[in-house]
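Please look at the sequence and the fold together, and follow one helix from its length to its neighbours.

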Amino acid sequence: MANPKAEALKDLTPEELFQRLAEAKDQLFHLRFQHATGQLEKTSQLSGTKRDIARLNTELREREIAAADALAAQEASA
């Protein structure tokens, strides 16, 4: 069964994906800083944010591969 969070990413534009990726990386930086200073109470936020970044990177990579395949198919048929 597919992850609902991953399915929701399929509807986003590439610009929105890159924006969310930047926000997630920024959030991860702040969470790591809080963890290092002992201010982070819910350490599970770290792994959750890392998973969100992985989901975003996976979706971006899937689109990149699909675009490359489409270009290769187009060149092969021409």
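**Helix H2 and its partner**

Helix H2 (residues 14-37) has 24 residues and at 1.5 Å a residue should span 34 Å, which agrees with the 35 Å that separates its end C-alpha atoms; the expected span is 1.5 Å times one less than the number of residues, and helices are DSSP runs of H or I with at least four residues, numbered from the N terminus. This is a predicted model, in which local features need pLDDT of at least 70 and side-chain atom pairs count only at pLDDT 80 or more, whereas totals for chains, interfaces and linings use all residues. Residues are numbered from 1 along each chain as its sequence is written, and side-chain values use heavy atoms, with hydrogens and water left out.

Within H2, the residues Leu-17, Leu-21, Ala-24, Leu-28 and Leu-31 are buried, that is, under 20% relative accessible area with a 1.4 Å probe and protein chains only. An α-helix has 3.6 residues a turn, so residues three or four places apart point the same way. The buried residues of H2 pack against helix H1 (4-9) and helix H3 (44-77). Just after H2, Gly-38 takes a positive phi of about 80°.

The axes of H2 and H3, which are lines fitted to C-alpha atoms over the stretch in contact, come within 9 Å and cross at roughly 155°. H2 and H3 are therefore roughly antiparallel to each other, a term for angles over 145 degrees between N-to-C directions.

On the H3 side, Thr-49 counts as buried because its relative accessibility is 4%. Leaving aside residues up to four places away in sequence, Thr-49 touches Ala-24, Gln-27, Leu-28 and Leu-31, where contact means heavy atoms within 4.5 Å.

Methods: Helices (H or I, at least four residues) and strands (E, at least two) are DSSP runs, numbered from the N terminus. Buried means under 20% relative accessible area, exposed over 50%, partly exposed in between (1.4 Å probe, protein chains only). Axes are lines fitted to C-alpha atoms, for helices over the stretch in contact, and angles run from 0 to 180 degrees between N-to-C directions. Angles under 35 degrees count as roughly parallel, over 145 as roughly antiparallel, 65 to 115 as roughly perpendicular and the rest as oblique.
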